[in-house]
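Reader: I would like a close look at a single part of this model, namely the place where the two chains meet. Please take me through that part in connected prose, and then show how it relates to the folds on either side.

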Amino acid sequence: MTLIITPDNTDFAAYMAETEPQVKVMPAETWENDLLRSINTPERLRGARLPWAKTHDLIRFRPGEVTLWQGINGHGKSQLLGQVALGFAAQNQKICIASFEMKPVATLKRMLRQTAMNETPGETAVRTLMRWATGRVWIYDQLGNVRTDALAAVIRYASQKLGADHFVVDSLMKCVRGTDDYNGQKDFVDMLCTLARDHNLHIHLVHHAKKQEDESKAPGKFSGSGSHAITDQVDQIMTVWRNKPKEKNVEKALRVPGGSIPQELIDAPDARLICDKNRHGEWEGSIGLWFHSESLQYTADSRRMPLDIIGRIA
Amino acid sequence: MTGHQSIVELRLHHHKPAEAWVILHDRERPTFGSFTQPETLMHNQSAPEVHVMPEEVVGTLDFRFLRGVLVHIVGLDKDRCIAAVNRVAQFEPAKAITAGQDWLLGWKPGIGFIDLLRKQ
């Protein structure tokens with residue numbers, strides 16, 4: 001169909017202003033079909049899954065939404081999100097990672113251990129990862145602070161030209177200068193929400209939690225540093241919390257000559273992934289995760305069996 | 001909904017497309033390539049397309065950018081297509097036509113719906 005463009009003699013801007021109320025107020029029966037559909041068909045969870053089967057019926061990552069990944073410095077949020085991103089790629093979702101705190105090689109090195117499932121992956125593992133990642137994983141090569149308009153252009157490019165389904169922004173503090181620039185933070189998160197919606201991709205935003213005196217308690221929904229508008233605008237909030245009390249107790253147990261780690265400590269999770277907000281789902285709660293230090297993977301139970309993310313064994 | 005922003009932009013610059021397509025997706029969200037991105041279709045001399053996603057309620061959509069434009073509405077669900085015509089009609093299009101597997105309906109200002117299959 002050929003495009004024909006004609007002059008528009010009407011004042012479209014004035015028409016838009018005049019008709020604003022007409023667009024926003026609708027009769028209740030507008031939603032009749034949707035209401036009928038909602039009672040006749042059970043709500044089906046859709047979207048990309050986390051790597052752990054026990055979460056598949058609890059939370060998903062849909063296009064058009066934004067998830068905030070928060071946690072205290074050093075509690076492993078970037079590491080865990082890296083594993084989650086690999087899991088998305090394994091579901092044939094295209095991912096683009098913008099890590100302003102790590103060089104691309106460092107990001108890939110961590111991914112290499114996570115996919116090779118060991119501490120010292122060899123050349124074959126590198127080649128296997130690179131073949132697997134082709135057409136699935138992209139990295140935005142930018143260290144340090146970034147201008148928000150430049151990042152928006154990259155997200156648009158990743159979506160439109162690369163077909164990215166997920167975009168990781170690590171972290172907010174590298175995009176908005178000043179922890180007290182609340183308006184800047186609000187505008188930035190608003191921009192991410194608009195980009196996610198308009199370009200139909202899921203944006204994952206990493207954000208540091210406020211420094212706490214006591215790291216033994218998991219940070220809550222309102223523990224992220226900066227503006228409350230950040231948590232208000234995003235669709236989901238995931239908090240990564242490292243079980244530091246367990247680490248201390250293990251250390252204490254091993255300090256005793258001939259001491260061993262009690263079973264209840266072995267069984268206690270090394271980390272918790274807490275869902276503090278789930279706008280389009282019902283579940284809010286936490287799951288325990290166990291860390292497999294050789295592969296830098298978080299696993300679903302205390303056996304600590306790393307997942308074969310890229311199907312090396314198959 | 002995607003594809004509408006380029007039409008709004010055009011209209012704010014005192015031009016309008018003679019016609020536009022509204023495509024209702026009922027099951028899965030579409031994926032677009034470089035040449036099929038709805039917002040850039042007009043750059044390639046193609047008629048503009050506005051894609052409505054499965055989760056969107058057509059009766060709530062802002063179709064003001066279709067005022068005075070000939071609108072073609074297509075989809076798999078007849079009820080949803082008719083709901084889209086009704087919504088578009090609220091914003092004074094030049095004419096609206098919806099077609100599907102077993103229907104061909106027109107809408108004209110001052111006349112309303114016309115069953116084009118029965119007329120023939």
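Author:

**The interface between the chains**

In this predicted model, A:D8 and B:R11 form a salt bridge, in which the closest N and O atoms are 2.7 Å apart. Side chains of opposite charge can pair when their charged atoms come close. A:D8 belongs to the loop between β1 and α1 (12–18) of chain A, while B:R11 sits in helix α1 of chain B, so this pair joins two chains. The rule finds two salt bridges across the interface of chain B and chain A, and over all chains the structure holds 15 salt bridges.

Beyond the salt bridges, 11 residue pairs, both residues at pLDDT 80 or more, are found in polar contact across the interface of chain B and chain A. On the side of chain B that touches chain A, at least two residues are supplied by each of α1 (4–12), β1 (15–17), β2 (19–24) and α2 (78–89) of chain B. Of these elements, α1(B), the helix in which B:R11 lies, gives the most to that side, with five residues. By character, the residues of the side of chain B that touches chain A divide into 13 nonpolar, 10 polar and 11 charged.

As for the extent of the interface, 34 residues of chain B are in contact with 27 residues of chain A. The two chains bury about 2,900 Å² between them, and 55% of that area is on carbon and sulfur atoms. Within chain B, the residues that lose the most area to chain A are B:R29, B:R64 and B:R67, which together account for 21% of what that side buries.

The chains also meet through strand pairing: strand β1 (residues 5–7) of chain A is joined to β1(B) by three bridges, and the two strands run antiparallel. In this pairing A:P7 stands opposite B:H15, a residue of β1(B).

Turning to the fold of chain B, six strands form an open sheet with mixed pairing, in the order β3-β2-β4-β5-β6-β7. At its edges stand β3 (49–52) and β7 (112–115) of chain B, each with a single partner strand, so one side of each is left without a neighbour in the sheet. Neighbouring strands of this sheet are turned against each other by 20 degrees on average, direction ignored. The edge strand β7(B) pairs with strand β6 (residues 103–108) of chain B in the antiparallel sense over four bridges, and B:W107 has B:F113 in β7(B) as its bridge partner. Helix α2(B), one of the elements that supply residues to the side touching chain A, lies across β2, β3, β4 (70–74), β5 (95–100), β6 and β7 of chain B and runs at about 160 degrees to β4(B).

On the other side of the interface, chain A has an open sheet of nine strands, with mixed pairing and the order β4-β3-β5-β6-β2-β7-β8-β9-β10. Its edge strands are β4 (137–139) and β10 (297–299) of chain A, each of which pairs on one side only, and the twist from one strand to the next averages 25 degrees. Inside this sheet, strand β3 (residues 95–99) of chain A and strand β5 (residues 166–170) of chain A pair in the parallel sense over five bridges, with A:V169 in β5(A) as the bridge partner of A:A98. Helix α5 (residues 104–116) of chain A lies across β3, β4 and β10 of chain A, running at about 150 degrees to β4(A).

Two details of the backbone of chain A remain. Most residues other than glycine have a negative phi, and most peptide bonds are trans. A:D170 and A:S171, however, are joined by a cis peptide bond with omega of about 10 degrees, and A:S171 is found in the loop between β5 and α8 (182–199) of chain A. A:L296 has a positive phi, near 60 degrees, in a residue other than glycine, and A:L296 lies in the loop between β9 (285–292) and β10 of chain A.

Terms used:
Residues are numbered from 1 along each chain as its sequence is written. Chains are lettered from A and ligands numbered from 1 in the order in which they are written. This is a predicted model: local features need pLDDT of at least 70, side-chain atom pairs count only at pLDDT 80 or more; totals for chains, interfaces and linings use all residues. Side-chain values use heavy atoms; hydrogens and water are left out. Contact means heavy atoms within 4.5 Å. Buried area is the accessible area (1.4 Å probe) that two parts lose on being put together, summed over both. A salt bridge is a side-chain nitrogen of Lys or Arg within 4 Å of a carboxyl oxygen of Asp or Glu. A polar contact is a pair of N or O atoms within 3.5 Å; within protein, one must be able to donate a hydrogen and the other to accept it, and residues adjacent in sequence count only if both atoms are side-chain atoms. Ala, Val, Leu, Ile, Met, Phe, Trp, Tyr, Cys and Pro count as nonpolar, Asp, Glu, Lys and Arg as charged, and the others, Gly among them, as polar. Two strands pair if DSSP finds at least two bridges between them. Axes are lines fitted to C-alpha atoms, for helices over the stretch in contact, and angles run from 0 to 180 degrees between N-to-C directions.
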